[in-house]
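Here are a few notes to help you find your way around this one. Have a look at the picture, then read the points in order.

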Amino acid sequence: MNLRRDVFQAIADPTRRTILLLVATQSLTAGAIASNFDTARPTVSKHLQILTECELLEQEQNGREIYYHINATRMKEVSDFLEPFRQLWDDRFNKLESIMKNYKPKK
Amino acid sequence: MEQKTRLTAEDGKQEYTITRDFDLPLDLLFRAFTESDFLEQWMGTKVLKLESKKHGSYELETKDPQGKVMFRANGTIHELIPNRKIIRTFEMENAPVGVQLEVYEFEPVTDDSSKLRMHVIYESVEKRDQVMKFGLVQGINWAHNRLQEVLNNYKK
């Protein structure tokens with residue numbers, strides 16, 4: 001399994017990005033995270049599992065509950081040069097798209 | 001929202017892949033890469049030469065408002081299949097990162113949308129990482145230059 005590629009697939013998903021935002025400031029249980037979504041609990045569990053597998057989230061046992069918190073080191077590594085590079089191309093291609101739209105034949 | 005531009009750059013590999021969905025007919029997307037007027041607009045650089053054909057070559061250049069050359073690049077086109085594929089080299093001049101091989105694959109999605117897959121290969125892992133970091137600086141410079149031009153025009 002290549003971790004870096006999986007990390008990118010992980011953060012490409014909007015639900016998973018929201019989960020990362022939720023746990024960015026505090027540790028939360030799976031139940032507390034799931035309560036923020038309309039989707040079924042097993043779906044959220046699946047997302048948590050993916051995020052944990054690629055080490056963006058860490059689990060912490062606290063009594064009977066498992067809390068999830070963000071792995072700051074891993075997040076930093078991801079955002080340091082890959083994400084800005086992706087955004088550079090995203091900006092370039094957004095520009096391409098908006099310029100070329102002007103040349104679309106009028107229907 | 002699902003990202004329109006996706007980057008895959010695995011650790012320890014000398015390549016990366018970018019895929020992007022465009023709300024543009026395939027034909028228009030392809031022309032953005034093969035016609036100077038279009039390339040200049042979205043890349044924000046002057047096109048000194050662009051022979052969009054097999055064995056053709058190209059040269060790009062960006063100057064600052066004082067006429068100093070900020071960026072120069074060139075390459076050779078190895079394959080060009082209209083609306084399907086471009087294989088070319090790209091070399092940034094005065095930059096110690098060598099030549100990169102670029103494979104662009106174009107495909108239609110609907111009449112009004114299309115997809116691009118861009119596969120870029122470097123001489124070494126180190127060079128790829130260097131370009132990805134340097135590319136950022138370059139991108140910021142370009143944006144800055146454009147802003148500068150706009151401001152200069154505004155002043156006149």
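1. How many helices and strands does the secondary structure of chain A come to? There are 5 helices and 3 strands. Please keep in mind throughout that this is a predicted model.

2. Read from the N terminus, the elements of chain A follow the order α-α-β-α-α-β-β-α. Chain A has 107 residues, and buried ones make up 22% of them. Of its contacts between residues at least 6 apart in sequence, 52% join residues at least 24 apart.

3. Chain B holds an open sheet of 8 strands, in the order β1-β2-β8-β7-β6-β5-β4-β3, with antiparallel pairing. β1 and β3 (46-50) of chain B are at the edges and have a single partner strand each, so one side of each has no neighbour in the sheet. From one strand to the next, the twist averages 20 degrees.

4. For a closer look at one edge, follow β3(B): 4 bridges join it to β4(B), residues 57-63, and the two run antiparallel. Here B:Lys49 stands opposite B:Glu59 of β4(B). Elsewhere, α1(B) packs on the sheet and touches β2, β6, β7 and β8 of chain B. The direction of α1(B) makes about 160 degrees with that of β7(B).

5. Finally, the two chains meet in a contact that takes 24 residues from chain A and 27 residues from chain B. On the chain B side, β1, β2, α1, α2 and α3 each supply at least two residues. The most come from α3(B), with 5 residues. By character, the chain B side divides into 13 nonpolar, 8 charged and 6 polar residues.

Technical notes: Residues numbered from 1 in each chain as written. Chains lettered and ligands numbered in written order. Predicted model: local features only at pLDDT ≥ 70, side-chain atom pairs only at ≥ 80, totals over all residues. Contact = placed C-beta atoms within 7 Å. Nonpolar A, V, L, I, M, F, W, Y, C, P; charged D, E, K, R; others polar. Buried ≥ 20, exposed ≤ 12 C-beta atoms within 10 Å, placed from the backbone. Pairing = 2+ DSSP bridges. Axes fitted to C-alpha atoms, helices over the stretch in contact; angles between N-to-C directions.
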